[in-house]
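Thanks for coming. I will go through one structure this morning, a few spots at a time, and I will keep to what the coordinates show.

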Amino acid sequence: METPDGSAPTQKAAELARGAADWLLDSIEGCEDLSLYHGLPGIVLALQECAEHFGDARYQRAVEAGADALTAGIDSLEDSSLYFGLAGVAVGLRAVGRDDPAQRALGRIRDRFDGQRWSPMFELLVGNAGIGLGALGAGDLELAVAAVTPYLTTADRTAGGVNWPVRPSPPRSHHIAHGTLGIVYALAAVGRAADRQDLIDLALAGAADVVDRNEAGPDGFLVAHSDPPHRPELIERYSLGWCNGPAGDAQVFRLLAQITGDPSWIDLGDQCWHTVTQSGLPRRIRPGFWDNHGRCCGTAGVLALACDRIVERGDDFAFADLLVDDLATHAVINEAGVRWSNHEHRAVPPDLEPHPGWAMGNAGIVRELLRYTRLKEGRSSGYAIPWPDHPVTSVMS
């Protein structure tokens with residue numbers, strides 16, 4: 001497959017990543033958003049990935065400046081969560097070798113803990129599960145265990161397993177971003193690190209609840225966003241990306257396969273992939289379907305899973321090439337660099353301003369383009385910087 005201008009996907013991916021990184025260099029200056037989701041930590045980690053891939057000193061200088069800004073913001077950041085607060089800052093600082101300020105951030109998180117939670121949200125993006133993963137990624141296993149321990153006493157029995165009240169309102173969400181599978185991921189990852197079988201067993205019970213809700217079997221895997229539906233006037237019943245769909249569900253199943261050695265989790269990952277590849281994405285086949293290029297709920301998150309499967313399942317590059325081709329087609333390219341504009345069919349105009357951050361913008365896309373490039377060239381199967389909720393690739397015997 002060739003991209004629209006005739007270059008091979010590997011070359012185009014590297015060119016897009018470099019152009020996108022150059023655009024990020026301007027975005028990092030004066031960035032006041034300290035969230036891993038949209039802001040500075042995700043940008044710093046993406047530029048660190050670029051610095052190691054390209055050997056370009058400009059990116060390393062930007063990383064150092066970004067780390068200085070993160071350090072300066074520790075005492076003023078009130079949120080403790082992974083994707084919007086201090087846990088994400090700690091992960092970013094630890095990843096670029098700023099261990100002392102990372103520990104200071106973790107200390108502030110610990111001081112705010114009431115023994116049960118940090119906020120009304122009780123899941124991965126904003127609550128305990130993410131803080132546990134952030135603490136684990138930043139090297140504080142004790143805090144990680146403390147963060148996930150409350151799930152042992154707050155789980156509710158369901159027809160298929162267990163789930164948790166993740167928000168103050170009644171709906172129970174099921175996927176990785178705000179729901180059961182995000183909690184499952186944290187319990188499993190921390191349980192493995194701490195050699196706590198009780199945490200792993202609870203993770204398996206939570207995963208069983210979600211598996212029991214599958215509406216696309218036996219070949220596929222598709223579970224509704226939440227029950228009862230949370231904000232149905234705004235949120236579609238079914239999604240396909242990392243945050244609330246099978247592209248993210250499969251990442252949890254990958255982790256459970258690695259921890260348990262049970263091939264049934266691999267089979268479930270295959271079912272997720274069947275649903276994703278047969279859905280029609282990355283084509284925008286109707287208003288509201290596949291309007292995002294980013295890592296959280298768009299094409300880059302699917303590319304991450306496609307590359308995982310190339311390593312672990314022996315898949316060919318056909319679907320990964322398709323995704324990179326789509327990113328190339330939609331890239332905005334000029335003298336300022338490369339970036340992507342997401343689409344919101346309910347907005348006027350529908351093409352949104354480009355984002356620099358991990359979730360919806362350049363930082364998340366750059367990481368996946370570079371990993372794809374290295375994998376295609378046979379240089380590496382992984383990332384320079386690991387991510388707290390993305391399992392490293394591991395081929396089961």
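Start at Ala186, which sits in helix H9. The model is a predicted one, so please keep that in mind throughout. Is Ala186 buried or exposed? Ala186 is buried, because its relative accessible area is 0%. Setting aside neighbours within four places in sequence, Ala186 is in contact with Ala129, Leu133, Val148 and Gly191. Here is also a pair to look at on the screen: Ala186 and Leu136 are 50 residues apart in sequence, and their C-alpha atoms are 9.4 Å apart in space.

That leads to the helix pair. Helix H6 covers residues 128-137 and helix H9 covers residues 180-194. Their axes come within 9 Å and cross at roughly 35°, and the crossing of H6 and H9 is left-handed. Which residues meet there? From H6 we have Ala129, Gly132, Leu133 and Leu136. From H9 the list is Gly182, Ile183, Tyr185, Ala186, Ala189, Val190 and Ala193. By class, the contact of H6 with H9 has nine nonpolar residues, two polar and no charged.

Staying with H9, Thr180 also lies in this helix. Thr180 counts as buried because its relative accessible area is 0%. What does Thr180 touch, leaving out residues up to four places away in sequence? The list is Val162, Asn163, Trp164, Ser173, His174, His175, Gly206, Asp209 and Val210.

Just past the helix, look at Asp195, in the loop between H9 and H10. Asp195 has a positive phi of about 55°, although it is not a glycine. Asp195 counts as exposed, because its relative accessibility is 70%.

There is another residue of this kind further along the chain. Arg231 has a phi near 50°, again a positive value in a residue other than glycine. Arg231 is placed in the loop between E4 and helix H11, the helix of residues 246-260. With a relative accessible area of 44%, Arg231 is partly exposed.

Now the second helix pair, H11 with helix H13, residues 299-312. The axes of H11 and H13 come within 9 Å and cross at roughly 35°, and this crossing is left-handed. On the H11 side the contact residues are Pro246, Ala247, Ala250, Gln251, Arg254 and Gln258. On the H13 side they are Val302, Ala304, Leu305, Asp308 and Glu312. How many of them are nonpolar, polar and charged? The contact of H11 with H13 has six nonpolar, two polar and three charged residues. For the earlier pair, H6 with H9, the charged count was none.

Next, the peptide bonds. A cis bond joins Gly217 and Pro218, with omega about 5°. Pro218 is found in the loop between helix H10, residues 197-211, and strand E4, residues 226-227. Another cis bond runs from Val348 to Pro349, with omega near -5°. Pro349 lies in the loop between strand E6, residues 337-340, and helix H15, residues 362-377.

On to the cysteines. How many disulfides does a search of the whole structure find? Zero. Take Cys296: the closest cysteine sulfur, in Cys243, is 4.0 Å from the sulfur of Cys296, so the two are too far for a bond. The cut-off that matters here is 2.5 Å between sulfur atoms. Cys296 counts as buried because its relative accessibility is 2%. For Cys50, the closest cysteine sulfur is in Cys307, 16 Å away, so a bond is ruled out there too. Cys50 is also buried, because its relative accessibility is 0%.

Last item, the nonpolar core. The largest one has 128 residues. Which residues have the most contacts inside it? They are Leu47, Tyr83 and Leu369. Leu47, with residues up to four places away in sequence not counted, touches Ala21, Leu24, Leu25, Ile28, Tyr59, Ala62 and Val63.

That is the end of my list. I can put any of these spots back on the screen.

How values were computed:
Residues are numbered from 1 along each chain as its sequence is written. This is a predicted model: local features need pLDDT of at least 70, side-chain atom pairs count only at pLDDT 80 or more; totals for chains, interfaces and linings use all residues. Side-chain values use heavy atoms; hydrogens and water are left out. Axes are lines fitted to C-alpha atoms, for helices over the stretch in contact, and angles run from 0 to 180 degrees between N-to-C directions. Helices (H or I, at least four residues) and strands (E, at least two) are DSSP runs, numbered from the N terminus. A crossing is left-handed if the near helix is turned anticlockwise from the far one by less than a right angle, and right-handed if clockwise. Contact means heavy atoms within 4.5 Å. Ala, Val, Leu, Ile, Met, Phe, Trp, Tyr, Cys and Pro count as nonpolar, Asp, Glu, Lys and Arg as charged, and the others, Gly among them, as polar. A nonpolar core is a set of buried Ala, Val, Leu, Ile, Met, Phe, Trp, Tyr and Cys residues joined through side-chain atoms within 4.5 Å. Buried means under 20% relative accessible area, exposed over 50%, partly exposed in between (1.4 Å probe, protein chains only).
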